[in-house]
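User: I want to see how the labels on this model are earned. Take me through the ligand site, the empty space and the backbone.

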Amino acid sequence: MTATVSASDPLVLYGESTWVSPWVFHAMTALEEKGLPYTLELVPLPIDAERRARLTERALLGKVPVLVHGELWLSESLAISEYLAETFPFPAHPRLFPAELAERARARQVMSYLRTDLMALREARPTSSVFGAPVVTPLSARAQAQADELIRLTRRLLVPGRTSLFTTWSIADADLALALMRLVKNRDPVPDDVRAYALAQWARPSLRAYLDRAELT
Ligand SMILES: N[C@@H](CCC(=O)N[C@@H](CS)C(=O)NCC(=O)O)C(=O)O
């Protein structure tokens, strides 16, 4: 699957029309943070068979987000932000990942954890309840245990007086804030420092580009 791409090729992001995807949120935040012009193409979920087949053919997987750049069609949110970081690098463009190697490794660890864990919490506190009406049912023991782990991990990384996990902002902050907002928005107990961190991220303009649309939908 070779693809010819020039950095000056237009960028297109495929998102979804209900604005509930944490993965589209990640990709859009990356584009916004980089300050890159791009066009949004919104597809309804579930993706219909014809569209899915077309996406699968070009992007290998029939899911959104998909970033189109020249002949490259790329799915998987983390692959997209890594591609943008390397194609539009610092200092001409703001960083998406920490400059320092150990911090970068930690950022990737956090993002990997957020993508592969927290299933019970994600089910109990879906993104629709972050952007729309809160859920009233209490967390199951399993979801609560995952929420406790999420909070413990955040507090271990937070440095008092800093609004980002690492020395500078990184795309891991956006992902972690969204996970924490599943609790904040549903009025589940969250310690003040963790809530303040999540809310500071929530106000960041690169995140607002997605959130403003999601909260309107
Ligand atoms: N691991 C993927 C997950 C992408 C994903 O699951 N996307 C969902 C929307 S949130 C999707 O496109 N689902 C297709 C469908 O529901 O038809 C990523 O990080 O981008």
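Analyst: What follows sets values against cut-offs; the model is predicted.

User: What makes Ser 21, Trp 23 and Lys 63 residues around the ligand?

Analyst: A residue counts as near when one of its heavy atoms lies within 4 Å of the molecule. Ser 21, Trp 23 and Lys 63 are among the residues around the ligand, and so are Leu 45, Pro 46 and Arg 52. By class, this shell has 6 nonpolar, 2 polar and 3 charged residues.

User: How do you know that the ligand makes a polar contact with Ile 47?

Analyst: The cut-off is 3.5 Å between N or O atoms. An oxygen atom of the ligand lies 2.8 Å from a polar backbone atom of Ile 47. The pair is within the cut-off, so it is a polar contact.

User: Which atoms of Val 64 and Glu 76 pair with a nitrogen atom of the ligand?

Analyst: For Val 64, a polar backbone atom is 2.8 Å from a ligand nitrogen. For Glu 76, an N or O atom of the side chain is 2.8 Å from a ligand nitrogen. Both pairs therefore pass the 3.5 Å test. As for cover, the ligand on its own has 510 Å² of accessible area, and the protein covers 78% of that.

User: What makes the largest pocket the space taken by the ligand?

Analyst: The test is that more than half of a molecule's atoms lie within 2 Å of the grid points. The ligand takes the space of the largest pocket, so it meets that test. The volume of this pocket is about 390 Å³. Its lining has 17 residues, and Ser 21, Trp 23, Lys 63, Val 64 and Pro 65 lie nearest the centre. The lining divides into 8 nonpolar, 4 polar and 5 charged residues.

User: Why is one space called a cavity and another a pocket?

Analyst: In a cavity a 1.4 Å probe fits but cannot get out, whereas a pocket is open. The structure holds 1 cavity of 30 Å³ or more. The largest cavity has a volume of about 120 Å³.

User: Which residues and elements line the largest cavity?

Analyst: The lining includes Pro 22, Trp 23, Leu 114, Arg 115 and Asp 175. Helices H1 (22-34), H4 (101-116) and H8 (171-184) each give two or more residues. H8 gives the largest share, 4 residues. The classes are 6 nonpolar, no polar and 4 charged.

User: How do you know that Asp 48 caps helix H2?

Analyst: A side-chain oxygen of Asp 48 lies 3.2 Å from the backbone nitrogen of Glu 50. The limit for a polar contact is 3.5 Å, so the pair qualifies. Asp 48 caps the N-terminal end of H2, residues 49-59. Just after H2, Leu 60 has a positive phi of about 80 degrees.

User: What makes the phi of Glu 76 worth a note?

Analyst: Most residues other than glycine have a negative phi. Glu 76 is not a glycine, yet its phi is positive, about 80 degrees. Glu 76 lies in the loop between strand E4 (72-75) and H3.

User: Where are the cis peptide bonds of Pro 46 and Pro 91, and what is omega in each?

Analyst: Most peptide bonds are trans. The bond joining Leu 45 and Pro 46 is cis, with omega about -10 degrees. Pro 46 is in the loop between strand E2 (39-43) and H2. The bond joining Phe 90 and Pro 91 is also cis, with omega about 10 degrees. Pro 91 is in the loop between H3 (77-87) and H4.

How values were computed. Residues are numbered from 1 along each chain as its sequence is written. This is a predicted model: local features need pLDDT of at least 70, side-chain atom pairs count only at pLDDT 80 or more; totals for chains, interfaces and linings use all residues. Side-chain values use heavy atoms; hydrogens and water are left out. A polar contact is a pair of N or O atoms within 3.5 Å; within protein, one must be able to donate a hydrogen and the other to accept it, and residues adjacent in sequence count only if both atoms are side-chain atoms. Accessible areas come from the Shrake-Rupley method with a 1.4 Å probe; for residues, only the protein chains shown count as cover. On a 1 Å grid over the protein atoms alone, a cavity is a set of points where a 1.4 Å probe fits but cannot get out, and a pocket is an open set with protein on both sides within 12 Å along at least five of seven lines; lining residues have an atom within 4 Å of a point. Ala, Val, Leu, Ile, Met, Phe, Trp, Tyr, Cys and Pro count as nonpolar, Asp, Glu, Lys and Arg as charged, and the others, Gly among them, as polar. Grid points are joined across faces, edges and corners, and a volume is the space filled by probe spheres set on the points.
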